[in-house]
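Visitor: I would like to look at this model with you and ask how its labels are earned. Shall we bring it up?

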Amino acid sequence: MDDMETKTVSELAELFGVTRQAMNKRVKSLDPKFVEKNEKNVTVVTKEGIHELEGLYGKVVTAQAEMLEKQGSPSADLALQSDDAASAAYEMISALMKDKNAEIERLNSQLVAKDQQLTVKDSQIAEKDAQIKKQQELMEKALTDQTQFFTDLQEQIQNAGNVESKGFFGRLFKKK
């Protein structure tokens, strides 16, 4: 528009550095006294509505826009807007990259900690496996010893039974 009395949703989105959809949603939530239709039947926000949006976004754009309009030349306006937009975009991207790098560092440190925990758990599992194997070997030896003991005991019982059933002379002359 030619003055700062009204601005379209697209113009406001550019001034505030947000998407047109986000600005459109914000404009729809404004009080109807701040919104009107222009001669092309396009929704525009009044100067008071713009001040209301400045309060909501915490950013003052009316002074910047008025300064751009007072400088007059469209090429200067375009150059200032593109420089401001480029620097704003660069700052936004830099901030996002910084946040993402910090997040990546945090996640990497978590991965390192998890890897250390897994190494400890692997050694504990290996130790338990060795203990279980040794215990199984001991149980197997105990079962073998027990089986041998019962076999020897049965033989002794049988031998004792055979010896007792023979008389004195039978044992002496080993008769069956």
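Guide: Gladly! Accessible areas here come from the Shrake-Rupley method with a 1.4 Å probe. For this chain, in a predicted model, the accessible surface comes to about 14,100 Å², and 57% of that belongs to carbon and sulfur atoms.

Visitor: What elements does the chain have, and in what order do they run?

Guide: There are six helices and three strands. Starting at the N terminus, the order is β-α-α-β-β-α-α-α-α.

Visitor: Why is leucine 153 called partly exposed?

Guide: Its relative accessible area is 33%. Buried means under 20% and exposed means over 50%, so a value in between is partly exposed. Leucine 153 therefore earns that label. You will find leucine 153 in helix α5, residues 74-165.

Visitor: Which residues make the nonpolar surface patch?

Guide: Phe149, Phe150, Leu153 and Ile157 make it, and the patch covers about 400 Å². Patch residues need over 30% relative accessible area, and leucine 153 has 33%, so leucine 153 meets that cut-off.

Visitor: And how do you know whether asparagine 41 is buried or exposed?

Guide: Asparagine 41 has 56% relative accessibility. Exposed means over 50%, so asparagine 41 counts as exposed. Asparagine 41 sits in the loop between β2 (35-37) and β3 (43-46).

Visitor: What is the phi of asparagine 41?

Guide: Phi is near 65 degrees there, a positive value in a residue other than glycine.

Visitor: How much of the chain counts as buried?

Guide: Of its 176 residues, 15% do.

Technical notes:
Residues are numbered from 1 along each chain as its sequence is written. This is a predicted model: local features need pLDDT of at least 70, side-chain atom pairs count only at pLDDT 80 or more; totals for chains, interfaces and linings use all residues. Side-chain values use heavy atoms; hydrogens and water are left out. Helices (H or I, at least four residues) and strands (E, at least two) are DSSP runs, numbered from the N terminus. Buried means under 20% relative accessible area, exposed over 50%, partly exposed in between (1.4 Å probe, protein chains only). Patches are made of residues with over 30% relative accessible area and no salt bridge: like charges are joined within 9 Å, nonpolar side chains (Val, Leu, Ile, Met, Phe, Trp, Tyr) within 5 Å. A salt bridge is a side-chain nitrogen of Lys or Arg within 4 Å of a carboxyl oxygen of Asp or Glu.
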